[in-house]
Amino acid sequence: MSSSDSEAMDVVKAFHMKEGVGETSYAQNSSLQMRVVNLMKHITLSTIVDMYIATTPTRLAIADLGCSSGPNSLTLIKEIIQSVDEACHRIDRPPPEFMVSLNDLPANDFNSMFLGLSEFYKKLPWPFYGRLFPTNSLDFIHSSFSVHWLSQVPKDLFDENGECINKGNIYISPMSPPSVVKAYEKQFAEDFNLFLRLRSAELTLGGRMVLIMAGRAGRDSWGNGITFLWDVLAQAFSIMVSLGKVEEDKVSKYKTHFYTPCVEEIEEVVQREGSLVIDKSEMFSTSEMLRRTNGRDAARSIRAIQESMMVSHFGEGVLIEDLFELYGDLLQKKMPDAKFECFNLVVVLRKTH
Ligand SMILES: C[S@@+](CC[C@H](N)C(=O)[O-])C[C@H]1O[C@@H](n2cnc3c(N)ncnc32)[C@H](O)[C@@H]1O
(Lines give C-alpha, C1' and ligand atoms only; values in the text may rest on other atoms or scores of the structure.)
Protein backbone atom coordinates (compact mmCIF):
# COMPACT_ATOMS: atom_id res chain seq x y z
CA MET A 1 0.00 0.00 0.00
CA SER A 2 1.42 3.43 -0.91
CA SER A 3 1.43 6.26 1.64
CA SER A 4 -1.32 8.06 -0.30
CA ASP A 5 -3.46 4.88 -0.11
CA SER A 6 -3.07 4.72 3.64
CA GLU A 7 -3.92 8.42 4.00
CA ALA A 8 -7.08 7.80 1.98
CA MET A 9 -7.93 4.90 4.32
CA ASP A 10 -7.46 7.12 7.36
CA VAL A 11 -9.99 9.61 6.02
CA VAL A 12 -12.48 6.82 5.34
CA LYS A 13 -12.07 5.44 8.85
CA ALA A 14 -11.75 8.66 10.80
CA PHE A 15 -13.79 11.38 9.10
CA HIS A 16 -17.27 11.97 10.47
CA MET A 17 -19.41 14.87 11.54
CA LYS A 18 -19.75 15.32 15.31
CA GLU A 19 -22.04 12.47 16.40
CA GLY A 20 -25.11 12.48 18.67
CA VAL A 21 -27.62 15.24 19.29
CA GLY A 22 -25.70 17.20 21.92
CA GLU A 23 -24.81 20.90 21.88
CA THR A 24 -21.76 20.44 19.68
CA SER A 25 -23.25 17.78 17.37
CA TYR A 26 -23.68 18.18 13.61
CA ALA A 27 -27.39 17.50 14.21
CA GLN A 28 -27.62 20.71 16.27
CA ASN A 29 -25.18 22.72 14.19
CA SER A 30 -26.16 22.17 10.59
CA SER A 31 -29.02 24.62 10.11
CA LEU A 32 -26.83 26.68 7.79
CA GLN A 33 -26.51 23.73 5.42
CA MET A 34 -30.28 23.12 5.68
CA ARG A 35 -30.99 26.75 4.82
CA VAL A 36 -28.92 26.44 1.65
CA VAL A 37 -30.54 23.11 0.77
CA ASN A 38 -33.93 24.82 1.28
CA LEU A 39 -32.92 27.73 -0.96
CA MET A 40 -32.17 25.24 -3.74
CA LYS A 41 -35.20 23.09 -2.99
CA HIS A 42 -37.27 24.38 -5.91
CA ILE A 43 -34.58 23.04 -8.26
CA THR A 44 -34.31 19.67 -6.48
CA LEU A 45 -38.07 19.12 -6.26
CA SER A 46 -38.90 20.26 -9.78
CA THR A 47 -36.10 18.04 -11.14
CA ILE A 48 -37.48 14.90 -9.52
CA VAL A 49 -41.14 15.72 -10.22
CA ASP A 50 -40.42 16.48 -13.92
CA MET A 51 -38.43 13.27 -14.18
CA TYR A 52 -41.24 11.31 -12.49
CA ILE A 53 -43.95 12.72 -14.75
CA ALA A 54 -41.86 12.03 -17.85
CA THR A 55 -41.09 8.41 -16.95
CA THR A 56 -43.73 7.40 -14.31
CA PRO A 57 -41.70 4.47 -12.95
CA THR A 58 -43.44 2.09 -10.53
CA ARG A 59 -40.34 2.28 -8.31
CA LEU A 60 -38.53 5.48 -7.55
CA ALA A 61 -35.06 4.93 -6.14
CA ILE A 62 -33.45 7.92 -4.45
CA ALA A 63 -29.92 8.18 -3.02
CA ASP A 64 -28.49 10.91 -0.80
CA LEU A 65 -24.69 10.76 -0.79
CA GLY A 66 -22.94 12.15 2.27
CA CYS A 67 -26.16 12.15 4.32
CA SER A 68 -24.37 12.66 7.66
CA SER A 69 -26.27 12.62 10.97
CA GLY A 70 -28.93 15.09 12.00
CA PRO A 71 -32.23 15.94 10.38
CA ASN A 72 -31.14 17.47 7.06
CA SER A 73 -31.06 14.44 4.82
CA LEU A 74 -34.38 12.90 5.83
CA THR A 75 -36.11 16.28 5.95
CA LEU A 76 -35.34 16.76 2.27
CA ILE A 77 -36.21 13.18 1.39
CA LYS A 78 -39.57 13.57 3.09
CA GLU A 79 -40.26 16.64 0.94
CA ILE A 80 -39.22 14.76 -2.19
CA ILE A 81 -41.66 11.96 -1.36
CA GLN A 82 -44.45 14.46 -0.65
CA SER A 83 -43.85 16.31 -3.94
CA VAL A 84 -43.96 13.10 -5.95
CA ASP A 85 -47.10 12.00 -4.07
CA GLU A 86 -48.76 15.34 -4.93
CA ALA A 87 -47.70 14.99 -8.58
CA CYS A 88 -49.22 11.49 -8.67
CA HIS A 89 -52.44 12.92 -7.32
CA ARG A 90 -52.44 15.62 -10.02
CA ILE A 91 -51.92 13.17 -12.87
CA ASP A 92 -54.15 10.55 -11.25
CA ARG A 93 -51.60 7.78 -10.88
CA PRO A 94 -50.92 5.52 -7.89
CA PRO A 95 -47.77 6.62 -6.03
CA PRO A 96 -44.60 4.68 -6.85
CA GLU A 97 -42.70 2.55 -4.34
CA PHE A 98 -39.90 4.67 -2.91
CA MET A 99 -36.51 3.13 -2.31
CA VAL A 100 -34.30 5.49 -0.33
CA SER A 101 -30.58 4.80 0.02
CA LEU A 102 -28.41 6.82 2.36
CA ASN A 103 -24.66 6.86 2.00
CA ASP A 104 -21.92 8.11 4.27
CA LEU A 105 -18.58 7.01 5.68
CA PRO A 106 -18.50 4.12 8.19
CA ALA A 107 -17.95 6.27 11.29
CA ASN A 108 -21.07 8.34 10.56
CA ASP A 109 -23.65 8.34 13.37
CA PHE A 110 -26.56 6.82 11.43
CA ASN A 111 -28.43 5.96 14.62
CA SER A 112 -28.98 9.45 15.89
CA MET A 113 -30.05 10.59 12.44
CA PHE A 114 -32.89 8.07 12.48
CA LEU A 115 -33.75 8.55 16.16
CA GLY A 116 -34.15 12.29 15.70
CA LEU A 117 -36.87 11.85 13.11
CA SER A 118 -39.76 10.12 14.80
CA GLU A 119 -42.16 11.83 12.40
CA PHE A 120 -40.42 10.16 9.49
CA TYR A 121 -40.77 6.80 11.20
CA LYS A 122 -44.54 7.29 11.24
CA LYS A 123 -44.59 7.73 7.50
CA LEU A 124 -42.26 4.87 6.61
CA PRO A 125 -42.56 1.51 8.37
CA TRP A 126 -39.26 0.31 9.76
CA PRO A 127 -40.36 -2.79 11.61
CA PHE A 128 -40.41 -5.96 9.53
CA TYR A 129 -44.17 -6.09 10.06
CA GLY A 130 -44.40 -3.41 7.36
CA ARG A 131 -43.09 -3.27 3.80
CA LEU A 132 -39.33 -2.67 3.76
CA PHE A 133 -38.12 -3.21 0.19
CA PRO A 134 -39.57 -2.66 -3.28
CA THR A 135 -41.61 -5.37 -5.01
CA ASN A 136 -39.56 -8.25 -6.50
CA SER A 137 -36.29 -6.68 -5.42
CA LEU A 138 -34.69 -9.32 -3.16
CA ASP A 139 -33.37 -12.75 -4.12
CA PHE A 140 -32.46 -13.93 -0.65
CA ILE A 141 -33.58 -13.00 2.87
CA HIS A 142 -31.95 -14.19 6.07
CA SER A 143 -33.30 -13.55 9.54
CA SER A 144 -32.04 -15.09 12.77
CA PHE A 145 -33.57 -14.79 16.24
CA SER A 146 -35.94 -12.04 15.15
CA VAL A 147 -39.18 -13.52 13.83
CA HIS A 148 -40.03 -14.97 17.27
CA TRP A 149 -40.55 -11.35 18.39
CA LEU A 150 -44.23 -10.55 17.90
CA SER A 151 -45.50 -7.21 16.66
CA GLN A 152 -47.03 -6.57 20.11
CA VAL A 153 -47.93 -8.21 23.43
CA PRO A 154 -51.11 -10.16 22.52
CA LYS A 155 -54.13 -7.96 23.30
CA ASP A 156 -56.15 -11.02 24.39
CA LEU A 157 -53.88 -11.38 27.44
CA PHE A 158 -55.96 -8.63 29.04
CA ASP A 159 -59.66 -8.92 29.87
CA GLU A 160 -62.25 -6.19 29.33
CA ASN A 161 -61.22 -4.53 32.63
CA GLY A 162 -57.58 -4.42 31.56
CA GLU A 163 -56.72 -7.23 34.00
CA CYS A 164 -54.10 -9.69 32.82
CA ILE A 165 -55.23 -13.31 32.46
CA ASN A 166 -51.65 -14.55 32.93
CA LYS A 167 -51.02 -13.26 36.45
CA GLY A 168 -47.64 -14.03 37.96
CA ASN A 169 -46.09 -14.96 34.61
CA ILE A 170 -44.22 -13.05 31.94
CA TYR A 171 -44.68 -15.63 29.20
CA ILE A 172 -46.60 -18.91 28.81
CA SER A 173 -45.78 -21.06 31.84
CA PRO A 174 -47.03 -24.47 33.04
CA MET A 175 -49.39 -22.46 35.32
CA SER A 176 -50.95 -20.42 32.49
CA PRO A 177 -54.58 -21.14 31.53
CA PRO A 178 -55.25 -22.36 27.94
CA SER A 179 -56.62 -18.93 26.98
CA VAL A 180 -53.09 -17.54 27.43
CA VAL A 181 -51.65 -20.08 24.99
CA LYS A 182 -54.49 -19.22 22.57
CA ALA A 183 -53.74 -15.50 22.81
CA TYR A 184 -50.07 -16.05 21.91
CA GLU A 185 -50.86 -18.60 19.18
CA LYS A 186 -53.31 -16.20 17.57
CA GLN A 187 -50.90 -13.26 17.66
CA PHE A 188 -48.11 -15.35 16.15
CA ALA A 189 -50.37 -16.71 13.39
CA GLU A 190 -51.43 -13.16 12.44
CA ASP A 191 -47.93 -11.71 12.63
CA PHE A 192 -46.21 -14.52 10.78
CA ASN A 193 -48.84 -14.48 8.05
CA LEU A 194 -48.28 -10.74 7.60
CA PHE A 195 -44.49 -11.20 7.66
CA LEU A 196 -44.68 -13.87 4.93
CA ARG A 197 -47.02 -11.81 2.76
CA LEU A 198 -44.79 -8.74 2.96
CA ARG A 199 -41.51 -10.61 2.37
CA SER A 200 -43.06 -12.62 -0.44
CA ALA A 201 -43.98 -9.39 -2.25
CA GLU A 202 -40.36 -8.26 -1.90
CA LEU A 203 -38.83 -11.55 -3.08
CA THR A 204 -38.27 -12.37 -6.73
CA LEU A 205 -40.00 -15.49 -8.06
CA GLY A 206 -37.89 -18.45 -6.91
CA GLY A 207 -36.25 -16.28 -4.23
CA ARG A 208 -35.41 -17.96 -0.92
CA MET A 209 -35.73 -17.04 2.70
CA VAL A 210 -33.91 -18.68 5.64
CA LEU A 211 -35.47 -18.05 9.05
CA ILE A 212 -33.87 -19.18 12.30
CA MET A 213 -35.89 -18.74 15.46
CA ALA A 214 -36.54 -20.04 18.95
CA GLY A 215 -39.19 -22.76 18.80
CA ARG A 216 -40.69 -25.70 20.61
CA ALA A 217 -40.83 -29.42 19.89
CA GLY A 218 -44.58 -29.81 19.41
CA ARG A 219 -47.92 -28.15 20.03
CA ASP A 220 -48.08 -29.14 23.70
CA SER A 221 -44.37 -28.90 24.51
CA TRP A 222 -44.32 -25.92 26.79
CA GLY A 223 -41.73 -27.22 29.25
CA ASN A 224 -38.79 -25.92 27.24
CA GLY A 225 -35.66 -24.02 28.17
CA ILE A 226 -36.86 -20.64 27.02
CA THR A 227 -40.03 -20.98 29.09
CA PHE A 228 -37.82 -21.91 32.04
CA LEU A 229 -35.82 -18.68 31.65
CA TRP A 230 -39.01 -16.57 31.62
CA ASP A 231 -40.42 -18.52 34.60
CA VAL A 232 -37.36 -17.83 36.73
CA LEU A 233 -37.51 -14.16 35.71
CA ALA A 234 -41.13 -14.11 36.93
CA GLN A 235 -39.92 -15.62 40.25
CA ALA A 236 -37.29 -12.90 40.55
CA PHE A 237 -40.00 -10.29 39.98
CA SER A 238 -42.21 -11.82 42.65
CA ILE A 239 -39.32 -11.72 45.17
CA MET A 240 -38.80 -8.05 44.26
CA VAL A 241 -42.53 -7.47 44.97
CA SER A 242 -42.29 -9.23 48.34
CA LEU A 243 -39.27 -7.06 49.23
CA GLY A 244 -41.35 -3.97 48.39
CA LYS A 245 -39.00 -2.92 45.60
CA VAL A 246 -41.70 -2.81 42.93
CA GLU A 247 -45.51 -2.70 42.92
CA GLU A 248 -47.34 -5.93 42.21
CA ASP A 249 -49.80 -4.17 39.93
CA LYS A 250 -46.99 -2.83 37.76
CA VAL A 251 -45.36 -6.28 37.53
CA SER A 252 -48.68 -7.93 36.64
CA LYS A 253 -48.85 -5.81 33.47
CA TYR A 254 -45.34 -6.65 32.30
CA LYS A 255 -45.58 -9.31 29.58
CA THR A 256 -43.28 -10.32 26.77
CA HIS A 257 -44.07 -10.04 23.04
CA PHE A 258 -42.21 -13.25 22.31
CA TYR A 259 -43.39 -16.63 20.99
CA THR A 260 -41.84 -20.04 20.33
CA PRO A 261 -43.77 -21.69 17.48
CA CYS A 262 -43.61 -25.38 16.59
CA VAL A 263 -43.00 -26.58 13.01
CA GLU A 264 -46.69 -27.52 12.55
CA GLU A 265 -47.81 -23.97 13.27
CA ILE A 266 -45.27 -22.60 10.79
CA GLU A 267 -46.48 -25.05 8.14
CA GLU A 268 -50.11 -24.03 8.70
CA VAL A 269 -49.37 -20.32 8.30
CA VAL A 270 -47.20 -20.90 5.20
CA GLN A 271 -49.98 -22.94 3.59
CA ARG A 272 -52.63 -20.38 4.41
CA GLU A 273 -50.55 -17.49 3.04
CA GLY A 274 -50.08 -19.48 -0.14
CA SER A 275 -47.25 -17.84 -2.12
CA LEU A 276 -44.30 -19.68 -0.55
CA VAL A 277 -43.39 -23.31 0.02
CA ILE A 278 -41.20 -24.82 2.71
CA ASP A 279 -38.11 -26.42 1.13
CA LYS A 280 -36.71 -27.51 4.47
CA SER A 281 -37.57 -27.22 8.14
CA GLU A 282 -35.45 -28.56 10.94
CA MET A 283 -35.65 -28.44 14.68
CA PHE A 284 -32.38 -28.56 16.56
CA SER A 285 -31.81 -28.92 20.27
CA THR A 286 -29.71 -26.39 22.17
CA SER A 287 -30.58 -27.87 25.58
CA GLU A 288 -27.01 -28.93 26.38
CA MET A 289 -25.65 -25.56 25.32
CA LEU A 290 -28.09 -23.81 27.69
CA ARG A 291 -27.54 -26.29 30.53
CA ARG A 292 -23.81 -25.66 30.38
CA THR A 293 -24.26 -21.89 30.43
CA ASN A 294 -23.39 -20.14 33.66
CA GLY A 295 -26.61 -18.81 35.25
CA ARG A 296 -25.24 -15.28 35.53
CA ASP A 297 -24.26 -15.28 31.85
CA ALA A 298 -27.76 -16.47 30.96
CA ALA A 299 -29.19 -13.61 33.06
CA ARG A 300 -26.96 -11.13 31.22
CA SER A 301 -28.22 -12.49 27.86
CA ILE A 302 -31.84 -12.00 28.90
CA ARG A 303 -31.00 -8.54 30.25
CA ALA A 304 -29.45 -7.57 26.92
CA ILE A 305 -32.66 -8.40 25.08
CA GLN A 306 -35.22 -7.23 27.66
CA GLU A 307 -33.78 -4.19 29.40
CA SER A 308 -35.17 -1.66 26.92
CA MET A 309 -38.71 -3.01 27.40
CA MET A 310 -38.30 -3.06 31.18
CA VAL A 311 -37.01 0.50 31.31
CA SER A 312 -39.93 1.60 29.15
CA HIS A 313 -42.40 -0.16 31.53
CA PHE A 314 -40.81 0.43 34.96
CA GLY A 315 -38.59 3.44 34.26
CA GLU A 316 -34.85 3.75 34.86
CA GLY A 317 -33.53 2.95 38.30
CA VAL A 318 -32.17 0.42 40.70
CA LEU A 319 -34.97 -2.08 40.02
CA ILE A 320 -33.26 -3.40 36.89
CA GLU A 321 -29.84 -3.77 38.61
CA ASP A 322 -31.31 -5.54 41.64
CA LEU A 323 -33.66 -7.67 39.58
CA PHE A 324 -30.92 -9.02 37.32
CA GLU A 325 -28.55 -9.63 40.20
CA LEU A 326 -31.25 -11.74 41.84
CA TYR A 327 -32.18 -13.40 38.52
CA GLY A 328 -28.52 -14.37 37.93
CA ASP A 329 -28.32 -15.92 41.43
CA LEU A 330 -31.57 -17.85 40.92
CA LEU A 331 -30.50 -19.18 37.53
CA GLN A 332 -27.09 -20.14 38.88
CA LYS A 333 -28.77 -22.24 41.56
CA LYS A 334 -31.54 -23.74 39.42
CA MET A 335 -29.97 -24.36 36.04
CA PRO A 336 -27.79 -27.40 36.74
CA ASP A 337 -30.76 -29.52 37.92
CA ALA A 338 -33.52 -27.96 35.83
CA LYS A 339 -35.38 -30.33 33.49
CA PHE A 340 -35.92 -28.62 30.18
CA GLU A 341 -35.52 -29.09 26.48
CA CYS A 342 -34.56 -26.13 24.39
CA PHE A 343 -35.22 -26.04 20.64
CA ASN A 344 -34.55 -23.75 17.75
CA LEU A 345 -36.04 -23.96 14.28
CA VAL A 346 -34.63 -23.32 10.84
CA VAL A 347 -37.09 -22.91 7.98
CA VAL A 348 -36.14 -22.51 4.32
CA LEU A 349 -38.88 -20.96 2.19
CA ARG A 350 -39.14 -20.49 -1.58
CA LYS A 351 -41.45 -18.10 -3.41
CA THR A 352 -43.50 -20.05 -5.94
CA HIS A 353 -45.97 -17.42 -7.11
C1 LIG B 1 -21.20 18.46 5.97
S2 LIG B 1 -21.90 16.87 5.89
C3 LIG B 1 -23.34 17.23 4.91
C4 LIG B 1 -24.52 16.43 5.43
C5 LIG B 1 -25.85 16.68 4.75
N6 LIG B 1 -25.83 16.25 3.36
C7 LIG B 1 -26.29 18.12 4.87
O8 LIG B 1 -26.51 18.78 3.83
O9 LIG B 1 -26.46 18.60 6.00
C10 LIG B 1 -20.86 16.02 4.71
C11 LIG B 1 -20.98 14.50 4.84
O12 LIG B 1 -20.29 13.90 3.74
C13 LIG B 1 -19.67 12.72 4.22
N14 LIG B 1 -18.60 12.32 3.31
C15 LIG B 1 -17.44 12.96 3.05
N16 LIG B 1 -16.70 12.23 2.22
C17 LIG B 1 -17.42 11.12 1.91
C18 LIG B 1 -17.17 9.98 1.09
N19 LIG B 1 -16.02 9.86 0.42
N20 LIG B 1 -18.12 9.04 0.99
C21 LIG B 1 -19.28 9.14 1.71
N22 LIG B 1 -19.57 10.20 2.52
C23 LIG B 1 -18.63 11.17 2.62
C24 LIG B 1 -19.17 13.13 5.60
O25 LIG B 1 -18.91 12.02 6.43
C26 LIG B 1 -20.32 13.98 6.10
O27 LIG B 1 -21.22 13.22 6.88
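## Helix packing and sheets

Helices α7 and α10 cross in a right-handed way (right-handed if the near helix is turned clockwise from the far one by less than a right angle, left-handed if anticlockwise). This is a predicted model, in which local features need pLDDT of at least 70 and side-chain atom pairs count only at pLDDT 80 or more, while totals for chains, interfaces and linings use all residues. Residues are numbered from 1 along each chain as its sequence is written, and side-chain values use heavy atoms, with hydrogens and water left out.

Helices (DSSP H or I, at least four residues) and strands (E, at least two) are numbered from the N terminus. Here are the three helix pairs side by side; axes are lines fitted to C-alpha atoms, for helices over the stretch in contact, and angles run from 0 to 180 degrees between N-to-C directions.

| Helix pair | Axis distance | Angle |
|---|---|---|
| α7 and α10 | 9 Å | about 50 degrees |
| α12 and α13 | 9 Å | about 150 degrees |
| α3 and α4 | within 10 Å | roughly 40 degrees |

Let's start with α7 and α10. Their axes sit 9 Å apart at about 50 degrees, which makes α7 oblique to α10 (under 35 degrees counts as roughly parallel, over 145 as roughly antiparallel, 65 to 115 as roughly perpendicular, and the rest as oblique). On the α7 side, the residues in contact (heavy atoms within 4.5 Å) include Phe188, Phe192 and Leu196, and they face a set in α10 that includes Ile266, Val269 and Val270. Charged residues join in too, among them Glu185 and Arg197 from α7, plus Glu265, Arg272 and Glu273 from α10. By class, the α7 contact with α10 has seven nonpolar, two polar and five charged residues (nonpolar means Ala, Val, Leu, Ile, Met, Phe, Trp, Tyr, Cys and Pro; charged means Asp, Glu, Lys and Arg; the others, Gly among them, are polar).

Both helices also lie across strands. Helix α7 (residues 178-202) covers β3, β4, β5 and β6, running at about 150 degrees to β4. Helix α10 (residues 263-273) covers β4, β5 and β6, running at about 170 degrees to β5.

So what is the order of the strands in that open sheet of four? It goes β3-β4-β6-β5, with mixed pairing (two strands pair if DSSP finds at least two bridges between them). The edge places belong to β3 and β5 (276-285), each with a single partner strand, so one side of each has no neighbour in the sheet. From one strand to the next, the twist averages 10 degrees.

Zooming in on the pairings, β3 (residues 138-144) and β4 (residues 203-215) run parallel over six bridges, with Ile141 bridged to Met209 in β4. To get from β3 to β4 the chain passes through α7, and this β-α-β crossover is right-handed (with the strands pointing away from the viewer, the path from the first strand over the helix to the second runs clockwise). On to β6 (residues 343-351): eight bridges join this strand to β4, and the two run antiparallel. In that pairing, Leu211 has Val347 as its bridge partner in β6, and Gly215 stands opposite Phe343.

A parallel pair also turns up earlier in the chain numbering, where seven bridges link β1 (residues 59-65) to β2 (residues 97-103). One partnership there is Asp64 with Leu102 in β2. The chain goes from β1 through α4 to β2 in a right-handed β-α-β crossover.

Helix α4 (residues 72-90) has a packing partner in α3 (residues 41-55), with the axes crossing at roughly 40 degrees. That angle makes α3 and α4 oblique to each other, and α3 passes α4 in a right-handed crossing. Among the α3 residues in the contact are Leu45, Ile48 and Tyr52, and the α4 side includes Leu76, Ile80 and Val84. This contact divides into ten nonpolar, two polar and three charged residues.

Finally, α12 (residues 295-314) packs on α13 (residues 318-334) at about 150 degrees, so the two are roughly antiparallel. Their crossing is right-handed. Residues from α12 in the contact include Ile302, Met310 and Phe314, while α13 brings residues including Leu323, Phe324 and Tyr327. The contact divides into twelve nonpolar, three polar and five charged residues.
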